[in-house]
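Biologist: I should like to understand how the labels attached to a structure are justified. May I put some questions to you about the one shown here?

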Amino acid sequence: MDQVMDAPPSGTVESDYETIAGMRYKEMAASKGKPFPFKHAWAILQTFDKWKLRDQETAPKKSTMLRMDDSEDEEERNLGKPERTKKGKLRVKMEGEASSLREKMEHMMKPREELTTKTFETKLLITKKKKEVKLAQVEEKREEAKRKADLEERMIKLKEAKVWKELMVEEKEHMMMSKKDMDQDQLQWWKDYKEDIAERKRMFRGASSTFRGDTPMSSCGDGGVDDSTRAYGDA
């Protein structure tokens, strides 16, 4: 406003001074293109003695105002550059301390992160080993069960073979008996005993085929006793 009043543009009147001052204010870099926000305050304060003293001061020249704007532009350009003032040195010091603290924290956290990683890897390895051991135990139990089943099957076969052999020996001895001197009662006993042997053979063969399928004895045919009887013939 002082600049406008000291050197008003040609063709303007006093009522235009405020508008022209407002336009010049917006052109200043510090205003960032925004209008003066305190017109209501200025309208009151300009009548106070503090502000009246300004009328006795020499208004700054336009070149001085331009240097002030340039100074503000330079301040914006230097933003982010090392500051030489006490405040700037303090800021640099604080930033350095913060950076050092971050480095120390990172240095302290790194071993902990490595330990956590190693612990996790160790747990995974232990879990994997446990699974392997458990699978090995399951497989071992399966093999043991299979061995027991094979052994039981062999024992059953041996027992069946023994029983079958005893039946065959008993049948052979019975069939080798002479019937010449036998009376009717003795002949009837001989026939009944032969039927008893045949029945036991049929029962044994049926039990074996039910539990294990075909057995070595099944190759003898259904009429084992009758076949053997025919082989021996009537003595």
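Modeller: The answers that follow set values against definitions, and the model they concern is a predicted one.

Biologist: What makes up the secondary structure of the protein chain?

Modeller: The protein chain has 8 helices and 0 strands. Read along the sequence, the pattern is therefore written α-α-α-α-α-α-α-α.

Biologist: How many of the residues count as buried, and what area does the protein chain expose?

Modeller: Of the 235 residues, 14% count as buried, a label given to residues under 20% relative accessible area. The protein chain exposes about 19,800 Å², and carbon and sulfur atoms supply 57% of that area.

Biologist: Why is the pair of Glu 153 and Lys 157 called a salt bridge?

Modeller: The N to O distance between these side chains is 3.9 Å. The cut-off is 4 Å between a side-chain nitrogen of Lys or Arg and a carboxyl oxygen of Asp or Glu, so the pair qualifies. In general, side chains of opposite charge can pair when their charged atoms come close.

Biologist: Where do Glu 153 and Lys 157 lie with respect to each other in the helix?

Modeller: Both belong to helix H6, which covers residues 86-175. They are 4 residues apart, and therefore about one helical turn separates them. As a general rule, an α-helix has 3.6 residues a turn, so residues three or four places apart point the same way.

Biologist: How do you know whether Glu 153 and Lys 157 are buried, partly exposed or exposed?

Modeller: Glu 153 has a relative accessibility of 35%, and Lys 157 has a relative accessible area of 41%. Partly exposed covers the range between under 20% and over 50%, so both residues receive that label.

Biologist: What makes Arg 200 and Glu 170 a salt bridge, and which parts does the pair tie together?

Modeller: Their closest N and O atoms are 2.8 Å apart, which is within the 4 Å limit. Arg 200 lies in helix H7 (residues 184-212) and Glu 170 in helix H6, so the pair ties together parts that are 30 residues apart in sequence. Arg 200 is partly exposed, because its relative accessible area is 30%. Arg 200 and Glu 170 are also linked with Asp 196 in a network of salt bridges.

Biologist: How do you know that Glu 199 and Arg 202 form a salt bridge?

Modeller: The closest N and O atoms of this pair are 2.7 Å apart, so the 4 Å criterion is met. Both residues lie in helix H7, 3 residues apart, which is about one turn of the helix. Glu 199, at 35%, is partly exposed, and Arg 202, at 39%, is partly exposed as well. A search of the whole structure finds 7 salt bridges.

Biologist: Why is His 174 called buried or exposed, and what is in contact with it?

Modeller: His 174, in helix H6, has a relative accessible area of 3%. Because the limit for buried is under 20%, His 174 is called buried. Leaving aside neighbours within four places in sequence, His 174 is in contact with Trp 189, Trp 190, Tyr 193, Lys 194 and Ile 197.

Biologist: What does the record say about residues 128-162, and what does the model have there?

Modeller: In an unreviewed entry, UniProt lists residues 128-162 as "coiled-coil region". In the model this stretch is 100% helix and 0% strand, and its end C-alpha atoms are 51 Å apart.

Biologist: Why is the aromatic pair of Phe 36 and Phe 38 called edge-to-face?

Modeller: There are 4 aromatic pairs in the whole structure. For Phe 36 and Phe 38, the centres are 5.9 Å apart and the planes stand at 80°. The distance is within 6.5 Å and the angle is over 60 degrees, so the pair is edge-to-face. Ring pairs also link Tyr 25 with Phe 36 and Phe 38 into a cluster.

Biologist: What surface patch includes Phe 36 and Phe 38?

Modeller: Met 1, Met 5, Phe 36, Phe 38 and Trp 42 make a nonpolar surface patch of about 450 Å². Patch residues need over 30% relative accessible area; Phe 36 has 31%, so it passes this limit. Phe 38 has 48% and therefore passes too. Phe 36 is located in the loop between helix H2 (17-27) and helix H3 (39-45).

How values were computed. Residues numbered from 1 in each chain as written. Predicted model: local features only at pLDDT ≥ 70, side-chain atom pairs only at ≥ 80, totals over all residues. Heavy atoms only, no water. Helix = DSSP H or I, 4+ residues; strand = E, 2+ residues; numbered from the N terminus. Buried < 20%, exposed > 50% of the residue type's maximum accessible area, 1.4 Å probe, protein only. Contact = heavy atoms within 4.5 Å. UniProt positions renumbered as here; feature names shortened; annotations may be inferred. Patch = residues over 30% accessible without salt bridge, like charges linked within 9 Å, V, L, I, M, F, W, Y side chains within 5 Å. Areas by Shrake-Rupley, 256 points an atom, 1.4 Å probe, with all protein chains shown as cover. Phe/Tyr/Trp six-rings, centres within 6.5 Å; stacked < 30°, edge-to-face > 60°.
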